[in-house]
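Visitor: Hello! I am new to this structure and would love a close look at one part of it. Could you show it to me, please?

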Amino acid sequence: MHVPLRVQSCFSILESTIEVKPLVRAAVAHGFPALGLADRGNLHAAMTFSKACLDAGVQPLVGALLPVLTDGPARSGPAGSAPAPGWLPLFAKDAEGYANLLALVSAANLDCGEAGGLLLGQLEGRSAGLLALTGGADGPLVRRAGHGQDFAALGDRLLRLFGDRLFVEISRAGEPLELQAEDALLEWAHARGLPIVGTAVARFLEPGDHAAHDVMLCIRQGAYLETEDRERSNPEQHLIGPAAFAERFADLPEAVENTLLFARRAAFALGGREPVLPKLVADADAERAELARLAGEGLEKRLAAMTDPVDREAYAARLAHELSIIHAMGFSGYFLIVADFIRWAKREGIPVGPGRGSGAGSLVAWALAITDLDPLPFDLLFERFLNPERRSMPDFDIDFCETRRDEVIRYVQQKYGADRVAQIVTFGTLKARAVVKDVGRVLQMSYGEVDRIAKFIPHEPADPWDLERTLREVPELQAAMDADPRVAQLVSIARRLEGRPRHTSTHAAGVVIGDRPLAELVPLQRDPRSDLPVTQFDLKSAEAAGLVKFDFLGLRTLSVIDRAVKLLASRGVHVDIARLPLDDPDVYKLLTRGNTVGVFQFESPGMRRALALVRPTVFEDIIALGALFRPGPMDNIPSFAARKWGREPVDWLHPALESILKPTYGIIVYQEQVMQIA
C-alpha cells in the first residue's frame, strides 16, 4: 500500500480534470489511508478537500506547489529572459506549518509580480512545520539534474531549510526528464542520508479521462488538438492503484514505504473556526452594552418621527427580544460593524438602499438605520433573519450607489487595516454551452456546427441545464450524436470537462473583514482590477475558516435616483426619497401599465407583464410580486391576480390561516407565512 502524494485537482486551473469529491471516493475505493493534494500555486481546494477526506475516513495531506526562483539558470530560454520558477511541493505537518504555508502561498500570489516566484531566501523563517518534496519534472532539482547541471548546492540549501523534513522525490510519472535525473538524485540522497519517496503525478482520475485532459490543455493554450507544437497530456498521469504503484517502484520498495512515513508525519487537517470579527469596543460585554444603547436611542428617534400613534410597548418588547437573541448568538459586534460603515456612508452623502432580504425583518437594524423599513406593520419576522435554533451568520444585503461603493470599501480598509479586508474569490466554470463551444473549437469543428449543438442546451439562467439533463430531455442532441461520430466525440469529452473551473473572478459584492491579517486565516491572491486582495477560498470555505462576509452591493438604480434628485433640486424641486408615500395612486397607474423600465427588479419584460396582470393597488401587492416572480412561485401569479379581482374564490386552506394568508389572497408566498403557519 502507498499514499498518493502528488495529486492536482481541477483547481490547478485547466491543468487537471480531477474534482475533489470523486477523488476522495476513488481513494476510498483503492483503500488509500491518506491522500496528498498539491495544486499549482494555490490552496483553493484545501478546505473542501480536508472536509471530504475526513468525512470519508481518509487522512488529508494539505499542500501546494510553491513557485521558487533559484540563482542559476533553470532551463534554456531566450537571451536575457527571467528563469522560470521551479515548483516545490510543500505540505503542512502541523498548525505552524499550515500558517507558514498560508503565508508563503499568499506571498507568492501577492508579492511576486512579474518575477513569477518567491526567492528561495524568502522561505527563511517560514519553513518550520512544513514537509518538503524536492519536486518532479518541474521541480528545481530535477530540472537541473535532468539537464546534467550541478544541483547539489541547491539541494543542500533546501536541506538547510527543511532538515529532516526534506524528502527526495523520485517521480515516475512518464516524463523523460525524471528518468534522466533519477540516478543523480538517488546518489545525492544516499550520500546525505535523506529519505526517498516515490510519487506519480495525477492530473486526471482514470485512464479514460486522458482524451478529455488533452482537450483541456488545448483550451488552456488556445491550441487545436491537431496543433503540433503544444503541451500534450501524459497518458500515465492518472491516479494509479496500489498494485500498479508497487510494480512501478518494484526496484525501490523504500520509496513506496516512505509514502506512508510521509503521511504519518503530515497528520494535519483543516478544521472549522468560530467567526472572527474586529472589535469596535473593548470586549463582548462592551459590544452588547453599546449595541443596546445605540438601538435604544435609534428606536426612540424613529418613533418620535412618526406622525401616527404607535404602540411603544410592542416596539420595546420586540427590540428587547431581538437584542436577547443577538447577544446570545454572539453577533452584537456584527451589527455594530455594519451600522458603522452605513452611518459613515450616509454622513458622506453616499446613497444607501433601504434594505432588502431577510434583514428587513430586524427592528434592531431599523433602529440602527441599517434598514429603512419598519418590520412591524408588514409582519416581518426577525427569526427569518436570525434563528437561535439554526446557527448561521446574519447577512444583510446592503446596496450602495454604484459610483461611490468603492469609497465605502476604502473607509473599511482604513478603519480596520488594508491587510484585514479582502474580496472573495469565485470561479468561472466550463458550463454546458461554453464547454461544448470550447471543445468544438479544439476539435476544429465549424462554428455553425458547434453553435447548432450548443443551442440544443436550453438557456435558462434561473434553472441552468447541464449536459446530462439535456441528453435525457432533448432527444435531438442524442439524435445528432447517433448521426455523426464527431458530435458524439464532442459531447463525450464535454461531459468529462463540464463544471471544471476555467478562471478565477471575484464575488460581486462580498467583502470579508478580519480581526488580524487575513493571510493568517486564509490564502490570498491578487485581483489585477483592484487594490483589494482576494481570498483563495470561496465563500463557503472562507466562512468555515472563520471569516464573515459583508455585502457591498453596487446598485446603478441608486446612482440614477441620486442624480435625478440633484437635478430636480437644481430646478427648485426638493424630493426626500425616504419620505415618499407608499399610497400614491399615480404610481400604481404607472405600475399597472407596466411602465417600469429602469425600476429595480421590476423592469424585465416578464415582470412588466405580471404587473399588468395583477394591477397592484397597495404596497403589499408589490411585495408579493417581488416574491412570486421566480421559478416555481411565478406559476401562482395568474391565480393571485384572479383572486385579487374576484375572478376566482379565495381558499384559506383552513379557517385558522385566514389572518396569515389574507394579504396574499390565500396563496402561501412568504417564508414568514410558512413560519407563522408552523
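Visitor: Which residue forms a salt bridge with K589, and how far apart are the closest N and O atoms?

Guide: Happy to help, and please keep in mind that this is a predicted model. The partner of K589 is D586, and the closest N and O atoms of this salt bridge are 4.0 Å apart. Both residues belong to helix α22, which covers residues 585-592. K589 and D586 are three residues apart there, about one turn of the helix. As for its surroundings, K589 has a relative accessibility of 48%, so it counts as partly exposed, given that exposed means over 50%.

Another pair can be set beside this one. In helix α10 (residues 284-304), R293 and E290 are likewise three residues apart, about one turn of the helix. Their salt bridge has its closest N and O atoms 2.8 Å apart. R293 is partly exposed at 39% relative accessible area, and E290 is partly exposed too, at 23%.

A further salt bridge joins the side chains of K437 and D451, at 4.0 Å from N to O. Here K437 sits in helix α15 (residues 432-442) while D451 sits in helix α16 (residues 447-454), so the pair ties together parts 14 residues apart in sequence. K437 is partly exposed at 37% relative accessibility, whereas D451, at 14%, counts as buried.

To place your pair in the wider picture, a search of the whole structure finds 48 salt bridges. Some residues are linked in a network of them: E15, R40, D138, R203, R220 and E231.

Methods. Residues numbered from 1 in each chain as written. Predicted model: local features only at pLDDT ≥ 70, side-chain atom pairs only at ≥ 80, totals over all residues. Heavy atoms only, no water. Helix = DSSP H or I, 4+ residues; strand = E, 2+ residues; numbered from the N terminus. Buried < 20%, exposed > 50% of the residue type's maximum accessible area, 1.4 Å probe, protein only.
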